[in-house]
Amino acid sequence: MLVPESIDGGLIEAGRLDEAERVYLAAVDRDRAVASFGLGRVALARGRPAAAERYFWKALLDSKHLEGVRDWLAVARLDRGDADGALA
């Protein structure tokens with residue numbers, strides 16, 4: 001399995017979201033869970049927590065063992081104002 005944070009080479013943190021999105025879209029065939037997780041991080045960085053939450057759920061469905069997805073899902077829920085859902 002690919003390590004989610006390693007395949008974009010720090011593009012999200014550098015604010016290069018369009019490039020990061022292209023990297024994760026290209027990764028769909030290799031590892032759908034990682035691609036969904038990365039696309040969720042991109043959506044969150046763009047201020048779209050509801051879209052991020054959908055991507056994180058897809059990542060969880062594809063791989064329940066992908067490290068950190070539940071944490072990012074909680075962040076997305078908090079960003080859209082769902083504190084109770086973030087704690088679930």
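Q: In this predicted model, what does it take for a residue to count as buried?
A: The term rests on relative accessible area, and a residue over 50% is called exposed, with partly exposed lying in between. At the other end of that scale, a residue counts as buried when its relative accessible area is under 20%.

Q: Which residues of H5 are buried, and how wide is the arc that they cover around the axis?
A: The buried residues of H5 are Val-69, Leu-73, Ala-74, Ala-76 and Arg-77. They lie on the same side of H5, because the arc they cover around the axis is only 160 degrees.

Q: Which exposed residues does H5 carry on the face turned away from its buried side?
A: A helix can have two faces because an α-helix has 3.6 residues a turn, so residues three or four places apart point the same way. In H5, the face turned away from the buried side carries exposed residues, and these are Asp-71, Leu-78 and Asp-79.

Q: How are helices H3 and H5 oriented relative to each other?
A: Helix H3, residues 32-45, packs with helix H5, residues 69-79, and their axes are 11 Å apart at an angle of about 25 degrees. Angles under 35 degrees count as roughly parallel, and the crossing of this pair is left-handed. The orientation of H3 and H5 is therefore roughly parallel.

Q: Which residues of H5 are met by Phe-37, Arg-41 and Leu-44 in H3, and how many residues of each class does the contact have?
A: From H3, Phe-37, Arg-41 and Leu-44 meet Val-69, Trp-72, Val-75, Ala-76 and Asp-79 in H5. Sorted by class, this contact of H3 with H5 has 6 nonpolar, no polar and 2 charged residues.

Q: Is Phe-37 buried or exposed?
A: Phe-37 has its place in helix H3, and its C-alpha is 8.4 Å from that of Ala-52, although the two are 15 residues apart in sequence. Because its relative accessibility is 0%, Phe-37 counts as buried.

Q: How are helices H2 and H3 oriented relative to each other?
A: The axes of helix H2, residues 17-26, and H3 come within 8 Å and cross at roughly 165 degrees. The crossing is left-handed, and angles over 145 degrees count as roughly antiparallel. The orientation of H2 and H3 is therefore roughly antiparallel.

Q: How many nonpolar residues does the contact of H2 with H3 have?
A: In H2, the residues that meet H3 are Leu-17, Ala-20, Glu-21, Tyr-24 and Leu-25, and their partners in H3 include Val-34, Gly-38 and Arg-41. By class, the contact has 1 polar and 2 charged residues, while the number of nonpolar residues is 9.

Key. Residues are numbered from 1 along each chain as its sequence is written. This is a predicted model: local features need pLDDT of at least 70, side-chain atom pairs count only at pLDDT 80 or more; totals for chains, interfaces and linings use all residues. Side-chain values use heavy atoms; hydrogens and water are left out. Axes are lines fitted to C-alpha atoms, for helices over the stretch in contact, and angles run from 0 to 180 degrees between N-to-C directions. Helices (H or I, at least four residues) and strands (E, at least two) are DSSP runs, numbered from the N terminus. Angles under 35 degrees count as roughly parallel, over 145 as roughly antiparallel, 65 to 115 as roughly perpendicular and the rest as oblique. A crossing is left-handed if the near helix is turned anticlockwise from the far one by less than a right angle, and right-handed if clockwise. Contact means heavy atoms within 4.5 Å. Ala, Val, Leu, Ile, Met, Phe, Trp, Tyr, Cys and Pro count as nonpolar, Asp, Glu, Lys and Arg as charged, and the others, Gly among them, as polar. Buried means under 20% relative accessible area, exposed over 50%, partly exposed in between (1.4 Å probe, protein chains only). The arc is that of the directions from the helix axis to the C-beta atoms.
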